[in-house]
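Please work through the following exercises with the sequence and the structure side by side. Each task sentence is followed by a solution that goes step by step.

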Amino acid sequence: HLRTNKQTGPTIYVPSNPFCKNMLEGFNNEEMSDVTFEVGGEVESAANRRKRGKTITTRFHAFHAILRLNAPSLADMCRPGDEAAVPI
């Protein structure tokens, strides 16, 4: 019969972090967002053509602070609260 004396350190409490869950819940949330991207709609036609193509318009809601951290060039093109559309 062999005994080992395991030395255990103090139990460390690590609280759960709700950040990822909160970010996913806020993703594309119109109420919480401060920037909206409208993608699609009218498409420019080729030179010397009379028709313009139309596509389905889709809206994406975003957070300016997250854009600033991850896509600063895109964040520079849109500001929170701007009412006028900015073509990109």
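**Exercise 1. The chain as a whole**

What percentage of the 88 residues in the chain do buried residues make up?

Before the solution, note that this is a predicted model, in which local features need pLDDT of at least 70 and side-chain atom pairs count only at pLDDT 80 or more, while totals for chains, interfaces and linings use all residues. Residues are numbered from 1 along each chain as its sequence is written, and side-chain values use heavy atoms, with hydrogens and water left out.

Step 1. Buried residues, meaning those under 20% relative accessible area (exposed is over 50%, partly exposed in between; 1.4 Å probe, protein chains only), make up 12% of the 88 residues.

Step 2. The chain exposes about 8400 Å², of which carbon and sulfur atoms supply 55%; accessible areas come from the Shrake-Rupley method with a 1.4 Å probe, and for residues only the protein chains shown count as cover.

Step 3. The secondary structure comes to 3 helices and 4 strands, in the order α-β-β-β-β-α-α along the sequence; helices (H or I, at least four residues) and strands (E, at least two) are DSSP runs, numbered from the N terminus.

Step 4. Of the contacts (heavy atoms within 4.5 Å) with a separation of 6 or more, 42% come from residues 24 or more positions apart.

**Exercise 2. The two pockets**

Describe the volume and the lining of the largest pocket, and then do likewise for the second largest pocket.

Step 1. A pocket is found on a 1 Å grid over the protein atoms alone, as an open set of points where a 1.4 Å probe fits, with protein on both sides within 12 Å along at least five of seven lines, and its lining residues have an atom within 4 Å of a point. Grid points are joined across faces, edges and corners, and the volume is the space filled by probe spheres set on the points.

Step 2. The largest pocket has a volume of about 620 Å³, and among its 20 lining residues T36, F37, E38, A85 and V86 lie nearest the centre. Strand β1 (residues 35–39) gives the most to this lining, with 5 residues.

Step 3. By class, the lining of the largest pocket has 10 nonpolar, 4 polar and 6 charged residues, where Ala, Val, Leu, Ile, Met, Phe, Trp, Tyr, Cys and Pro count as nonpolar, Asp, Glu, Lys and Arg as charged, and the others, Gly among them, as polar.

Step 4. The second largest pocket has a volume of about 210 Å³, and of the 13 residues that line it, F27, N28, H61, A62 and F63 are the closest to its centre. The lining of this second largest pocket divides into 9 nonpolar, 4 polar and no charged residues.

**Exercise 3. H61 and S33**

Is H61 buried or exposed, and which residues does H61 touch?

Step 1. H61 has its place in strand β4, and H61 counts as buried because its relative accessibility is 13%.

Step 2. Not counting residues up to four places away in sequence, H61 touches N28, N29, E30, S33, V35 and T36. With the side chain of T36, the H61 side chain makes a polar contact at 3.2 Å, that is, a pair of N or O atoms within 3.5 Å, where within protein one must be able to donate a hydrogen and the other to accept it, and residues adjacent in sequence count only if both atoms are side-chain atoms.

Step 3. S33 lies in the loop between α1 and β1, and its side chain reaches the backbone oxygen of E30 at 3.3 Å.
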